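Trainee: Could you walk me through this structure, feature by feature? I would like to learn how to read it.

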Amino acid sequence: MVTRVLNFIGNEDVAPHSRAYIPKLNPHNGEQICELARSGKEDVDRAVEVAERAQSLWAATPGVKRGEVLFDIAQRMQVRQKEIAQIVALETGKSLKDALGETGAAISQAFFMAGEGQRFFGRTTVSGVANRYPVVVREPVGVCGLIIAANTPVANVAWKVFPAIICGNAAILKASEDTPLTAWIMGKVISESALPPGVLTILHGFGNEVGAPLVAHPRVQLISFTGSTNVGRQIAKAAGERLAKVCLELGGKNALVVCEDADLDNAVKWALLSSFSNAGQRCAASSRLLVFDSVYEKFKTQLLEKIASLKVGPADEDDYGPVINQKQLANMLASIEQAKAAGAKVLVGGTRLTDEKHRNGYYISPTLIEEAQPGDEISRNELFGPITCLYRVRDFDHAVKLANESEYGLTAAIHTKNYHRAYEFARRVQSGVVSINAGTHGSEPHMPFGGVKNSGNGGREPGPEALDVYSNLKVVYHNVDPKGV
Ligand code: NAD
């Protein structure tokens with residue numbers, strides 16, 4: 001592993017134009033792990049030159065061959081799964097077990113997208129004009145700027161880089177400043193494959209310094225972004241100004257509904273996992289638990305019992321680790337204080353862990369809040385931490401109303417034994433994914449994932465739907481003259 005992470009341009013490690021570096025701290029103990037390139041506009045310009053040259057040749061490589069290269073990358077990731085996962089664990093503070101699971105998902109994404117190289121379906125259709133035969137084909141978009149968050153760093157790379165390259169694009173990845181090493185190891189693994197140099201570039205640095213010029217660059221045809229809704233809005237504005245294609249995968253304030261007929265043990269199990277796994281740093285985390293009045297107290301008691309047994313730390317036997325950085329930690333604690341001042345009650349947690357094992361890391365105790373009003377900040381804003389709120393609901397209609405009373409619409413879940421109610425919830429809830437009698441979570445690598453309302457702008461990245469993000473469609477009319485035969 002390196003202690004200084006440089007940019008990866010044309011398969012080479014390249015120092016940033018600024019010659020400046022940003023320290024990356026270990027969220028578990030606050031110690032410096034490495035430093036990363038503090039890149040800017042000059043680095044973006046250089047990356048675009050290289051990517052543009054590589055892209056035209058890569059686009060001319062048949063889709064099946066591109067799939068073979070990606071298949072090779074997937075196999076290389078498999079061989080080095082543990083090494084990649086160790087880096088993910090180190091720089092996020094999550095357990096190796098969770099990091100291995102995440103790396104496994106990234107590998108599945110690589111295999112799935114490799115197969116898309118053989119499918120790569122367009123469409124044949126019919127014309128209203130005699131002897132005219134239309135087909136719809138896919139073409140690459142060009143140079144794609146991919147900007148990602150830190151929460152699941154290797155999965156986030158996979159979700160964007162693999163569909164981008166299978167479609168014949170060059171990818172310029174702007175890694176999260178909180179997880180540079182994961183991007184670095186992915187660059188190393190990929191550089192050993194047959195992917196031509198320049199098809200993948202990795203830039204490091206702060207969002208406003210290197211992300212913004214990437215978004216603004218006139219020769220970057222597509223921006224795909226995973227991150228907060230606020231930054232997504234700025235990106236949409238800047239890219240919209242120059243009419244670039246934009247895909248936004250943004251935040252969530254996801255509701256998990258527990259009805260009076262739910263299997264309460266199962267509901268508690270999923271509420272716990274959905275709220276606290278990955279320290280709540282999941283766009284799909286359950287941060288609003290909407291519980292029918294008649295089972296509210298029972299559910300609360302059972303959930304509190306389970307929360308009391310949660311173990312917090314970076315080891316495999318722990319349930320979740322630290323949050324990613326000091327700033328996020330401070331924001332979350334401030335939001336909890338603000339909620340208390342507004343009249344909410346913290347049932348458990350709400351503080352930084354300061355015992356010997358945790359005091360140097362960015363650890364928050366598992367936090368359960370009740371009596372927050374639906375219009376309060378804590379009910380509306382995504383916190384992205386191990387914090388969840390309980391709300392009483394009168395009945396099904398009230399639950400649906402509250403679930404939908406959010407600016408976000410990413411995922412949702414309902415716990416009930418009533419088939420009609422489950423189906424009706426799935427139909428009426430405003431979200432991109434809904435689960436019945438389970439947790440709030442994303443989708444598998446072969447399925448579309450994304451949200452509605454402020455959770456995104458309609459793009460879906462995993463699954464074959466990702467091909468629509470990363471390719472342009474062209475209609476080709478074959479006009480035949482039967483007399484010319
Ligand atoms: P963030 O928006 O602060 O940063 C995300 C990325 O954007 C980082 O790489 C950052 O450097 C970059 N960035 C910041 N400002 C920028 C700018 N002005 N121009 C260009 N790039 C800029 O988000 P975060 O705190 O790192 O991640 C958490 C957020 O990501 C949460 O809202 C979470 O819900 C969301 N998320 C969404 C999904 C999804 O699929 N919908 C998945 C994971 C995370």
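## Reading rings, cavities and cysteines

Mentor: Gladly. Tyr 419 and Tyr 423 sit 4 residues apart in helix 14 (residues 419-428), so about one helical turn separates them. Please keep in mind that this is a predicted model.

Trainee: How are the rings of Tyr 419 and Tyr 423 arranged as an aromatic pair?

Mentor: Here is the general idea: a pair of aromatic rings is described by the distance of the centres and the angle of the planes. For Tyr 419 and Tyr 423, the centres are 6.4 Å apart and the planes meet at 40°, which makes the pair tilted.

Trainee: Are Tyr 419 and Tyr 423 buried or exposed?

Mentor: Tyr 419 has a relative accessible area of 58% and is exposed. Tyr 423 is exposed too, at 52% relative accessibility. The cut-off to remember is that exposed means over 50%.

Trainee: How many aromatic pairs are there by this rule?

Mentor: The count is 4 aromatic pairs. One of them joins Phe 276 and Tyr 320: the ring centres lie 6.3 Å apart and the planes are at 15°, so this pair is stacked. The pair also links distant parts of the chain, 44 residues apart. Phe 276 belongs to helix 9 (residues 264-276), while Tyr 320 is in the loop between helix 10 (293-308) and helix 11 (326-341). Phe 276 is buried, with 3% relative accessible area, and Tyr 320 is buried as well, at 2%.

Trainee: Which ring has a charged end of an arginine over it?

Mentor: Look at Phe 120: the charged end of Arg 66 sits over its ring, 5.6 Å from the centre. You can also look at Tyr 21, where Arg 4 lies over the face of the ring at 3.8 Å from its centre.

Trainee: Let's turn to empty space. How many cavities of 30 Å³ or more does a search of the whole structure find?

Mentor: To read a cavity, look at its volume, then at the residues around it. The search finds 6 cavities of that size, and the largest has a volume of about 110 Å³. It is lined by 18 residues, and those closest to its centre are Lys 253, Ser 287, Leu 383, Phe 384 and Ile 387. Strand 14 (286-292) and strand 17 (387-393) each supply at least two lining residues, with strand 17 giving the largest share, 3 residues. By class, the lining has 7 nonpolar, 8 polar and 3 charged residues.

Trainee: Which residues lie nearest the centre of the second largest cavity?

Mentor: They are Lys 253, Arg 288, Ala 403, Thr 411 and Gln 430, out of 13 lining residues. Strand 13 (254-258), strand 18 (408-409) and strand 19 (411-415) are the elements that give two or more residues to this lining. The second largest cavity holds about 70 Å³ of space. Its lining has 6 nonpolar, 5 polar and 2 charged residues.

Trainee: And the cysteines: how many disulfides does a search of the whole structure find?

Mentor: In general, a disulfide is a covalent bond between the sulfur atoms of two cysteines. The search here finds 0 disulfides.

Trainee: Why is there no bond for the sulfur of Cys 144?

Mentor: The closest cysteine sulfur, in Cys 167, is 8.3 Å away, which is too far for a bond. A disulfide would need the sulfurs to be within 2.5 Å. Cys 144 is buried, at 0% relative accessibility, and Cys 167 is also buried, at 1%.

Methods
Residues numbered from 1 in each chain as written. Predicted model: local features only at pLDDT ≥ 70, side-chain atom pairs only at ≥ 80, totals over all residues. Heavy atoms only, no water. Phe/Tyr/Trp six-rings, centres within 6.5 Å; stacked < 30°, edge-to-face > 60°. Buried < 20%, exposed > 50% of the residue type's maximum accessible area, 1.4 Å probe, protein only. Lys NZ or Arg CZ within 6 Å of the ring centre and 35° of its normal. 1 Å grid on protein atoms, 1.4 Å probe; cavity = no way out; pocket = protein on both sides within 12 Å on 5 of 7 lines; lining within 4 Å. Points joined across faces, edges and corners; volume = space filled by probe spheres on them. Nonpolar A, V, L, I, M, F, W, Y, C, P; charged D, E, K, R; others polar.
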